[in-house]
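This report is an introduction for a reader who has not met the structure before. Please look over the sequence and the model shown here before reading on.

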Amino acid sequence: MNIVDVHCHYTYKNFQKDLDKTIKKMEKAGVKKVITNGLNPKDNKEVLKLASKYKIVEAAIGIYPTEAGSMSDKELKEILNQIEENKNNIIAIGEVGLDHHWTKDKKKKDRQKEVLREIIKLANKIKKPIIVHSRNAESETVEVMKEAKVPVIMHCFCGKLAPTNEAIKAGFYFSIPTMIVRSKTFKKLVKRAGLDKLLTETDAPFLAPKSGERNDASNITQSITKIAEVLKLDEQKVAQKIYSNYKKVFNQQHSS
Ligand SMILES: [Zn+2]
């Protein structure tokens with residue numbers, strides 16, 4: 001089985017001690033690629049290092065929305081430069097997006113949107129897919145993401161019916177988290193979006209299938225079983241199709 005994790009954070013400190021072992025465990029489970037997402041300039045550097053060290057790791061670099069909300073113009077320029085300078089070392093831009101759960105201040109919300117728009121412009125220019133966070137801001141996020149001329153991947157998307165339908169209409173992809181094993185929301189999303197628009201993710205170390213545990217991509221086998229069950233399809237077929245979706249979305253412009 002070919003398995004892919006398009007959204008995770010293997011730079012997190014609780015992976016430091018046993019990352020070699022964890023990667024071996026993932027490979028044994030059939031994991032072929034994990035896209036580690038960066039959260040800020042410092043983390044982005046770590047992501048790039050990890051991707052050059054491990055063949056299984058691909059890099060996405062970005063700026064976490066809550067940090068984007070309080071960025072100065074100078075900091076924004078720096079992050080845009082960091083992304084552009086590394087365009088040949090990354091497979092996508094992420095994690096970026098809007099978060100109205102942790103950010104309540106109107107000015108900061110507006111700033112998040114401004115930053116996201118600049119990121120989209122850059123993605124269109126360097127032709128990189130965008131991996132998008134949208135917490136309690138699904139409708140706004142979908143609206144803004146329509147400006148993208150590159151593939152859009154909505155990570156762990158929990159939007160209501162209207163924004164979900166908008167995102168489907170816009171042709172966005174959905175990366176389904178391992179939480180699907182204990183969440184009705186994602187089972188519904190799988191049915192609505194259909195296999196052609198699905199990808200898989202962990203958001204590791206977070207959102208493990210079993211609450212409280214450290215997550216990693218070996219758990220995606222459980223998501224495949226669940227997605228196959230929801231769509232009444234063969235597990236192998238589901239895994240194969242999701243892997244080919246991954247190749248289509250991410251590898252077309254990838255140079256390495
Ligand atoms: Zn994340």
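The paragraphs below describe the sheet, the helices that pack on it and the nonpolar core.

The model is a predicted one, and a convenient place to begin is its open sheet of eight strands, which are paired in parallel and follow the order S1-S2-S3-S4-S5-S6-S7-S8. Strand S1 (3–8) and strand S8 (198–201) form the edges, each of them pairing on one side only, and neighbouring strands of the sheet are turned against each other by 30° on average when direction is ignored. Strand S2 (residues 31–37) runs parallel to S1 and is joined to S1 by four bridges; within S2, Lys 33 is the bridge partner of Val 4.

Two helices that contact strands of the model are set out in the table.

| Helix | Strands touched | Angle between directions |
|---|---|---|
| H2 (residues 41–53) | S2 and S3 (57–61) | about 160° with S3 |
| H5 (residues 106–126) | S4 (92–99) and S5 (130–135) | about 155° to S4 |

In soluble globular proteins, nonpolar side chains tend to be buried together. In this model the largest nonpolar core holds 75 residues, among which Ile 93, Ile 130 and Ile 153 touch the most other members, while helix H10 (residues 235–250) supplies the largest share of this core, namely six residues.

Which residues does Ile 130 touch, if those up to four places away in sequence are not counted? Ile 130 touches Ala 92, Ile 93, Gly 94 and Val 96, then Ile 120 and Ala 123, and further along the chain Ala 148, Val 150, Val 152 and Ile 153.

Note on methods: Residues numbered from 1 in each chain as written. Predicted model: local features only at pLDDT ≥ 70, side-chain atom pairs only at ≥ 80, totals over all residues. Core = buried A, V, L, I, M, F, W, Y, C linked by C-beta atoms within 7 Å. Buried ≥ 20, exposed ≤ 12 C-beta atoms within 10 Å, placed from the backbone. Helix = DSSP H or I, 4+ residues; strand = E, 2+ residues; numbered from the N terminus. Contact = placed C-beta atoms within 7 Å. Pairing = 2+ DSSP bridges. Axes fitted to C-alpha atoms, helices over the stretch in contact; angles between N-to-C directions.
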